[in-house]
Amino acid sequence: MTKIKLSKKQESIVNLNQGAYLVLASAGSGKTRVLTERIKRLSDTIDGRILAITFTNKAASEIRERLGVSEKINKNVFVGTFHSFCQSILQIRFKLLGYKKMPHIFEDDSDRLELIKQAINSVPFFKAIYDDLEPKKKNQYTYNALQFISTVKRDIISAEELAESSENEEYQYLFETYQDILKSNNAIDFDDIIRLIYELFANNEAVANLYRKSYSFICIDECQDLNKLQYFLLKALSGKTIKNVMMVGDPNQHIYGFNGSATTYMQEDFVKDFQAHKIILDENYRCSKSVIEASNELMNLDVEAVNYVIDGIFKITPVETESKEAEFVLNKIKELINLKTHDDIEGEIDYDKISILARNKFVFRNIEQLLKEEGIPYYFKSGNVGIKFSSTSMKIFDLYFRIKINPLDRLHLNRLESILKIKDVYNSNELQDSKYPISLSINRTVNDCNIDNLHLKIEELKKLFNDSIDQDDEKKLTLDELEEFSIQLIQYKKQNLRPSLEGFKSAISLGLTNHTGSKEKGICLSTVHTMKGQESEIVFLIGMDDGTFPDFRAVSKGGEELQQEKNNTYVAFTRAKRFLYVSYPKKRLMPWGDYKWRTISRFLKPLMKN
DNA sequence: GAAGGCCCGCTTTTT
DNA sequence: GCGGGCCTTC
């Protein structure tokens with residue numbers, strides 16, 4: 001990629017030294033590049049270390065890639081998400097937080113749901129309330145409980161206090177029971193990772209000082225998506241010592257409200273608490289004229305294309321059905337690929353330059369099918385953290401693996417028992433007679449494995465599965481999933497000097513083994529949320545009917561939630577460097593099987609004149 | 001206690 | 001229109 005010279009404004013931000021700064025950077029203003037250049041420069045000139053926080057692993061690995069590898073960078077710069085930063089601290093400080101062994105992450109929502117159910121069943125008081133509910137309300141009840149627990153953690157509010165404003169006062173006690181069960185499993189959930197380190201810093205001055213002395217500069221990217229817990233972690237870490245904090249973000253791109261984030265942390269709290277200077281970076285270097293004009297109209301902005309003016313394409317196309325929409329996209333892709341070159345696009349038009357975006361991953365069903373049939377290379381930008389195995393053998397493997405590295409993990413032991421339908425998952429006789437005799441070998445293999453021989457054990461399993469699974473699709477699925485696991489192991493070993501089975505599992509849970517840089521080839525299919533901070537020459541934004549984008553729940557709630565859907569549309573638009581094709585189906589197949597007439601997204605109506 | 005069948009309810013976004 | 005959970009039946 002040819003690098004365009006930094007503009008004066010960008011240059012001045014790169015050259016900032018001491019102090020706190022809030023950089024308000026609109027989409028396409030090159031904020032990630034500015035951040036990276038500054039980190040590079042600082043790491044060359046200063047003594048202390050630099051902490052760079054991003055919101056996705058993908059963004060972290062991209063920054064790491066752009067920083068390049070040098071001894072100085074490796075030693076002096078930590079780039080990662082809040083979760084991975086906190087996890088790395090937790091790994092060495094867990095004893096200070098009351099854990100005898102490093103707690104394991106229950107990252108899966110179904111794990112958390114099961115914990116809630118256990119909590120309800122373990123206390124007659126909760127059980128009575130739950131059993132009294134109408135069947136229809138039961139799901140809502142457990143979902144709300146999980147929401148309650150997350151809110152307590154993310155908003156740093158006591159369960160007691162939050163219960164006062166909740167319809168279900170007993171959630172306060174359910175919260176405690178949930179935490180107790182987690183602890184008895186030697187486990188934590190995602191929110192706990194950050195919460196525990198926040199508490200560590202807030203309550204243990206000595207430890208906090210260690211980290212304060214170790215980091216001279218902190219940079220936070222995408223700060224419009226900070227939640228209270230994350231902001232308070234930053235404050236607790238900084239204390240009175242770290243004053244060099246730079247935040248970069250764009251309130252118009254705030255899309256993670258469901259995670260407790262609000263733009264007030266950057267715009268009000270940070271400015272006040274750190275006496276931050278505001279800097280505005282509002283030139284767009286990324287997008288073509290057409291894309292910028294459409295974005296401006298969408299958000300009522302006045303961003304100008306600066307460095308160069310490329311016309312580009314912005315077009316809204318209504319189609320009859322979802323499958324017609326998929327055909328439209330496919331045909332347009334073929335057309336573009338056949339063109340080979342276009343004046344607006346640098347280099348040859350290939351699949352790597354094309355992305356297909358949508359509000360949620362269900363929207364991709366038809367187009368994925370078509371791409372598969374046509375043999376066109378594509379990949380899912382998976383936000384998915386952890387690996388979810390769908391083959392039975394790999395599920396069994398995963399469960400044995402979990403309980404091996406965390407013997408206190410009752411939850412997954414129970415699940416294993418219920419899959420195998422036996423009482424003692426280590427009893428060879430029972431295993432042999434069970435529905436899945438293969439689990440006997442899986443158990444043995446997992447038992448024997450350690451971090452050094454795991455790759456050999458994986459090979460053994462490959463052979464085992466190959467020899468003993470009869471059903472063809474099940475065999476293929478199992479072997480594919482095992483291969484995926486193997487790739488993650490290689491990735492993990494590359495990233496870690498002192499590997500361990502526990503560390504490997506945590507890395508998987510945090511999604512650290514998924515994102516390996518920009519190696520993926522072909523057309524990128526991604527939700528807008530996961531595409532945050534990324535760009536693509538050619539973007540197809542599909543499924544832009546009202547109720548899908550904006551999501552129907554946000555429509556009924558309105559207010560800030562609807563605003564965030566609009567922000568999300570803006571994020572989607574501005575991912576496109578050159579061409580942006582927007583489409584929506586006039587008829588959509590609903591999850592319950594019948595068709596519903598759809599209208600264009602309310603956000604796009606005003607743009608429909610062309 | 002297991003297996004088969006029926007019925008119900010169901011779409012979001014990330015770490 | 002499909003899959004998960006629950007109930008029936010053997």
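Serine 355 has a bridge partner in strand E14: cysteine 524. Tyrosine 379 has its bridge partner in E14 too, and that partner is again cysteine 524. This is a predicted model, and the walk through it starts at this cysteine.

Serine 355 falls within strand E12, which spans residues 354-358. E12 and E14 run parallel, joined by four bridges. Strand E13, residues 378-380, pairs with E14 as well. That pairing is also in the parallel sense, over three bridges.

How covered is E14 itself? Strand E14 takes in residues 523-527, and five of its five residues are buried. In a regular strand the side chains alternate between the two faces of the sheet. In E14, Ile523, Leu525 and Thr527 point one way. Cys524 and Ser526 point the other way. Residues of both groups are buried.

Now widen the view to the sheet. It is open and has six strands, in the order E11-E16-E15-E12-E14-E13, with parallel pairing. E14 therefore sits between E12 and E13, because that is its place in the strand order. Which strands form the edges? They are E11, residues 313-319, and E13, each pairing on one side only. From one strand to the next, the twist averages 20 degrees. Helix H15, residues 289-299, packs on this sheet. H15 touches E11 and strand E16, residues 576-585. The direction of H15 makes about 65 degrees with that of E11.

Next, helix H5, residues 82-93. H5 has twelve residues. From first C-alpha to last, H5 reaches 16 Å, close to the 16 Å expected at 1.5 Å a residue. Which residues of H5 are buried? They are Phe82, His83, Ser84, Phe85, Cys86, Gln87 and Leu90. The buried residues of H5 pack against two strands, E2 (49-54) and E3 (77-81). They also pack against helices H11 (190-203), H13 (228-238) and H24 (501-509).

Two of these partners, H11 and H13, also meet each other. Their axes come within 9 Å and cross at roughly 30 degrees. Angles under 35 degrees count as roughly parallel, so H11 and H13 are roughly parallel to each other. Their crossing is left-handed. On the H11 side, the contact is made by Ile194, Arg195, Ile197, Tyr198, Phe201 and Ala202. On the H13 side, the contact residues are Leu229, Gln230, Phe232, Leu233, Ala236 and Leu237.

Key. Residues numbered from 1 in each chain as written. Chains lettered and ligands numbered in written order. Predicted model: local features only at pLDDT ≥ 70, side-chain atom pairs only at ≥ 80, totals over all residues. Buried ≥ 20, exposed ≤ 12 C-beta atoms within 10 Å, placed from the backbone. Pairing = 2+ DSSP bridges. Expected span 1.5 Å × (residues − 1). Contact = placed C-beta atoms within 7 Å. Axes fitted to C-alpha atoms, helices over the stretch in contact; angles between N-to-C directions. Parallel < 35°, antiparallel > 145°, perpendicular 65-115°, else oblique. Left-handed = near helix turned anticlockwise from the far one by under 90°.
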